[in-house]
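Subject: Structure handover and findings

Dear colleague,

Please find the structure below, followed by an account of what turned up when I went through it. I have kept to individual residues and their surroundings, so that you can follow each point on your own display.

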Amino acid sequence: MALWKRSVAELIGTFWWVLGGCGAAVIACVVGNPYNGIGYLGVALAFGLTVLTMAYAIGHISGCHLNPAVSVGLFVSGRFKGVGDLISYIVAQCIGGILGAGVIYIIVNPQFGADAAIGTFATNGWSEELVNGVNAFGGKAVGLTAAFTAEAVLTCFFLLVIIGSTDKRAPAALAPVAIGLCLTLIHLIAIPITNTSVNPARSLAVAAYVGGTAVSQLWLFWVAPIIGAIVAGIIYKCIFEEKAACVGEDCHEKKDDCKNCDDKKTVEKAEAKKEEKKAEVKKEEKKAEAKKEEKKAEVKKEEKKAEVKKEEKKAEVKDNEEEDEDDEEEDEE
């Protein structure tokens, strides 16, 4: 499918991620008391459901990345080809996220200034200290190290689930369910730490409307998830990716370019056998050509014999005619 169509699908999907997930956090979760309204569990489910539903809607169109970290991880693992495609997807995801956050902004019409608190409008961030025994999200974790570790590790596992569940060896129909539930679990873990990102486009989308601390801390929610995604891509590619089995010396005859052969000797033998076969084919072609020429020569020989016989017969007939004429002349005398 054309890149622009796939990119539009990514834009729509990321719009839905932000509208569904961040929208649930901003609209349905009571500010200052996450245990009222839909609470942490409700927000976590909202994020998981956005991915689950959109995976079935656009998975067959764009792969349903909806997340720059996912696109990078899939690129590193070899599942997603082309730097141009990667850039186009990331741009589309960021635009889609910002548009989704814009819809939430219009609905809620929030009133916040440049000194908006961490977590305002579902933004991501981290607290440097506990206030009344809790951080900005009602949890106990504080500091950059905790935030970075959580985002990197959770994104790594998110990518492992995505790459693994979409592997050709896994049941394809259940991949969206596994991915959606994984994202739900990640939110249950990380909402009290960073308000959960694992998606740079989602963090950018809401931070763009808030500014202040949300923007100054935004770098972490790009760097940590992308590092986690890269690690996951490398792990899966190097350890879990199944290489096509080499079928022995005939391997190179059955595949145009067998890149999965680790045994150099097998590859060399296969190449040598391929060359031998080519030589045999040429030899047979030459034999067939020689036989053809022999047959042609035989045909010509037979034609010459037939010509000679024809001439002999003509001479014989001529001789007989001359003899008959001589006999007639004798009879007249």
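Before the first residue is placed, one definition is needed: a helix here is a DSSP run of H or I that is at least four residues long, and helices are numbered from the N terminus. Please also bear in mind throughout that this is a predicted model.

**S165 and its surroundings**

With that definition in hand, S165 can be placed in helix α5, which covers residues 144-165. S165 has a relative accessible area of 13% and is therefore buried, since the buried class takes in whatever lies under 20%. Its side chain reaches back to two backbone oxygens: that of V161 at 2.7 Å, and that of I162, which lies 3.3 Å from a polar atom of the S165 side chain. If neighbours within four places in sequence are left aside, S165 is in contact with A170, P171, A175, A178 and I179.

**Salt bridges**

How many salt bridges does the structure hold? There are four in the structure, and I describe some of them here.

In one of them the side chains of R6 and D85 meet, with an N to O distance of 3.2 Å. This pair links distant parts of the chain, because R6 belongs to helix α1 (residues 3-28) and D85 to helix α4 (residues 83-108), and the two are 79 residues apart. Both partners fall in the buried class, R6 with a relative accessible area of 15% and D85 at 19% relative accessibility.

Another salt bridge joins the side chains of R169 and D167 at 2.8 Å, again N to O. Here the partners belong to separate classes of exposure: R169 is partly exposed, with a relative accessible area of 45%, whereas D167 counts as buried at 6% relative accessibility. These two residues are also part of a network of salt bridges, in which R79 is linked with D167 and R169.

A further salt bridge is made by the side chains of K278 and E275, at 4.0 Å from N to O, a value to read with the 4 Å cut-off for a salt bridge in mind. The two residues lie three residues apart in helix α11 (residues 264-332), so about one helical turn separates them. K278 is partly exposed at 48% relative accessibility, and E275 is likewise partly exposed, with a relative accessible area of 45%.

**Aromatic pairs**

A search of the whole structure finds nine aromatic pairs. In the pair formed by Y105 and F112, the ring centres are 6.3 Å apart and the planes stand at 75 degrees, so the arrangement is edge-to-face. Y105 is partly exposed, with a relative accessible area of 29%, and F112 counts as partly exposed too, at 23% relative accessibility. F112 also pairs with F121: their ring centres are 6.0 Å apart and their planes stand at 50 degrees, which means that this pair is tilted. F121, for its part, is buried, with a relative accessible area of 7%. Ring pairs join Y105, F112, F121 and Y209 into a cluster.

**N67**

Where does N67 lie? N67 is found in the loop between α2 and α3, the latter helix covering 68-77. At 0% relative accessibility, N67 counts as buried. A polar atom of the N67 side chain lies 2.9 Å from the backbone nitrogen of A69. Apart from neighbours within four places in sequence, the residues in contact with N67 are W17, Q93, F158, V198, N199 and P200.

**A nonpolar patch on the surface**

Finally, the surface carries a nonpolar patch of about 540 Å², made by L41, L45, L49, L185, L188 and I189. The elements that give two or more residues to this patch are α2 (39-62) and α6 (175-194). One of the patch residues, L41, is found in helix α2, and L41 is exposed because its relative accessible area is 52%, the exposed class being reserved for values over 50%.

With kind regards

Key: Residues are numbered from 1 along each chain as its sequence is written. This is a predicted model: local features need pLDDT of at least 70, side-chain atom pairs count only at pLDDT 80 or more; totals for chains, interfaces and linings use all residues. Side-chain values use heavy atoms; hydrogens and water are left out. Patches are made of residues with over 30% relative accessible area and no salt bridge: like charges are joined within 9 Å, nonpolar side chains (Val, Leu, Ile, Met, Phe, Trp, Tyr) within 5 Å. Accessible areas come from the Shrake-Rupley method with a 1.4 Å probe; for residues, only the protein chains shown count as cover. Buried means under 20% relative accessible area, exposed over 50%, partly exposed in between (1.4 Å probe, protein chains only). A polar contact is a pair of N or O atoms within 3.5 Å; within protein, one must be able to donate a hydrogen and the other to accept it, and residues adjacent in sequence count only if both atoms are side-chain atoms. Contact means heavy atoms within 4.5 Å. Rings of Phe, Tyr and Trp (its six-membered ring) pair if their centres lie within 6.5 Å; planes under 30 degrees apart count as stacked, over 60 as edge-to-face and the rest as tilted.
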